[in-house]
Amino acid sequence: GQLFIVGDYDNYIPVRTFFHMIKFSATGLFLWATAYEGSGGPSAFNPLDVQVGPDGHVVTVGNDVDFFNISPDGEVERIKVSKFNSATGAIIFSVFPNAPIGDEDDIKEVAHCMTIDIDNNIYFGGQSNVYAGVDVSPNRYMISKVSGVDGNLQWVDASVGGDDDPANLVTDITVTSGLDVYHSGSWDLGATVDMMIAKYCQVGCFGLRMKTEMIGSIDVKVYPNPSASSFTISTNGNDKAVEIRVFNLDGKLIESRRVTENEFTLGSDYAAGIYILNLQNEYFNHTIRIIKSE
């Protein structure tokens with residue numbers, strides 16, 4: 001029932017605005033506020049969103065515009081990700097994930113959406129002219145993942161869409177309990193602008209870029225399903241280790257392990273109910289609903 005507000009704060013210096021976070025109790029009682037400068041004056045911070053992660057701490061994403069401080073020739077725009085201790089307002093981290101050095105004088109990126117997964121990792125999407133530190137054509141759609149512990153960049157993709165078209169944009173993003181990442185947006189295909197939806201795995205590989213020569217030969221089976229005892233999982237055709245995660249329908253992680261066998265069992269100690277089983281490695285990402293019967 002507590003309320004968090006993120007915005008900008010004018011400190012009466014022309015143009016420059018500070019990042020500002022405020023917390024109120026469920027009854028409207030003011031609890032704390034914090035504000036700090038972005039890249040320096042003149043600059044402006046444009047807040048995008050504020051969310052509370054599974055660990056209870058507050059995460060914000062916004063766009064920091066620096067006028068001539070980094071680049072004397074023009075404007076630099078970077079995405080800022082910040083995390084606060086929800087009890088005290090103390091800054092846990094505040095970073096520019098796609099531009100950590102601070103001397104990127106040609107960067108232009110804008111966030112339009114964000115989400116947090118069950119492990120407190122942060123995802124945001126929008127538009128950018130960078131791809132993992134390598135220049136690409138401007139106005140590419142962009143999706144990034146950063147660590148919820150220290151804000152370090154895990155991966156970024158800004159490589160799809162026609163050259164230099166403002167229509168290339170990620171407008172919404174979500175992560176399932178099985179940690180599949182989906183985003184929607186618009187995509188310039190050269191002659192038309194279409195709606196787009198894309199799916200990513202947890203290492204940042206865009207689904208269509210996975211090793212398709214292997215996908216067709218991997219046969220994933222779970223049996224028996226439903227089961228009153230344990231489940232046997234078979235991944236015939238796979239020669240790589242597989243990361244296993246099992247979630248209940250509330251998104252709680254029940255089991256996580258890494259297996260190297262093509263056939264293994266799990267679930268003998270699960271309570272009766274429905275679970276989500278996710279298996280993934282560099283070749284495939286497979287999610288199956290399993291049912292533990294009485």
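Residues are classed here as buried under 20% relative accessible area, as exposed over 50%, and as partly exposed in between. The model to which these classes are applied is predicted. With a relative accessibility of 22%, F24 is therefore partly exposed. F30, at 47%, likewise counts as partly exposed.

These two residues belong to the aromatic contacts of the structure. A search of the whole structure returned three aromatic pairs. In one of them, F24 and F30 are arranged edge-to-face, with 6.0 Å from centre to centre and 70 degrees between the planes. In the pair made by Y270 and Y275, the ring centres are 5.0 Å apart and the planes meet at 40 degrees, so this pair is classed as tilted. Y270 is buried, its relative accessibility being 8%. Y275 is also buried, with a relative accessible area of 8%.

Charged contacts were examined next. Side chains of opposite charge can pair when their charged atoms come close. The count of salt bridges comes to six. One of these joins D55 to K83, with 2.8 Å between the closest N and O atoms. D55 is located in the loop between strand 4 (43-52) and strand 5, while K83 belongs to strand 6, so the bridge ties together parts that are 28 residues apart in sequence. The partners fall into separate accessibility classes: D55 is partly exposed at 33% relative accessibility, whereas K83 is buried at 3%.

Strand 6 also contributes E77 to a salt bridge. The partner of E77 is K108, and the N to O distance is 3.8 Å. K108 is placed in the loop between strand 7 (91-95) and strand 8 (110-116), and the pair links distant parts of the chain, 31 residues apart. K108 has a relative accessible area of 37% and is partly exposed. E77 counts as buried, at 10% relative accessibility.

A further salt bridge is formed by E243 and R258, whose closest N and O atoms are 2.4 Å apart. Here E243 lies in strand 17 and R258 in strand 18, so the contact ties together parts separated by 15 residues in sequence. E243 is partly exposed, with a relative accessible area of 34%, and R258 is exposed, with 57%.

Two surface patches can be described. The residues D73, D103, D105 and D106 gather in a surface patch of negative charge. D73 occupies the loop between strand 5 (58-67) and strand 6 (75-84). Its relative accessibility is 76%, and D73 therefore counts as exposed. A nonpolar patch of about 240 Å² on the surface is made by L249, I274 and I291. L249 is placed in the loop between strand 17 (242-248) and strand 18 (253-259). With a relative accessible area of 53%, L249 is exposed.

The backbone was also inspected. Most residues other than glycine have a negative phi, and most peptide bonds are trans. N120 has a phi near 75 degrees, a positive value in a residue other than glycine. This residue is found in the loop between strand 8 and strand 9 (122-131). N120 is buried, since its relative accessible area is 17%.

Cis peptide bonds occur in the loop that follows strand 15. Y223 and P224 are joined by a cis peptide bond with an omega of about -15 degrees. P224 lies in the loop between strand 15 (219-223) and strand 16 (231-236). The peptide bond from N225 to P226 is cis as well, and its omega is near 15 degrees. P226 is likewise in the loop between strand 15 and strand 16.

A final spatial relation concerns T171, which is part of strand 12 (residues 169-175). The C-alpha atoms of T171 and F124 are 9.6 Å apart in space, and the two residues are 47 residues apart in sequence. T171 is partly exposed, with a relative accessible area of 43%.

Definitions and conventions:
Residues numbered from 1 in each chain as written. Predicted model: local features only at pLDDT ≥ 70, side-chain atom pairs only at ≥ 80, totals over all residues. Heavy atoms only, no water. Patch = residues over 30% accessible without salt bridge, like charges linked within 9 Å, V, L, I, M, F, W, Y side chains within 5 Å. Areas by Shrake-Rupley, 256 points an atom, 1.4 Å probe, with all protein chains shown as cover. Salt bridge = Lys/Arg side-chain N within 4 Å of Asp/Glu carboxyl O. Lys, Arg positive; Asp, Glu negative; His and termini not counted. Charge placed at Lys NZ, Arg CZ, Asp CG, Glu CD. Helix = DSSP H or I, 4+ residues; strand = E, 2+ residues; numbered from the N terminus. Buried < 20%, exposed > 50% of the residue type's maximum accessible area, 1.4 Å probe, protein only. Phe/Tyr/Trp six-rings, centres within 6.5 Å; stacked < 30°, edge-to-face > 60°.
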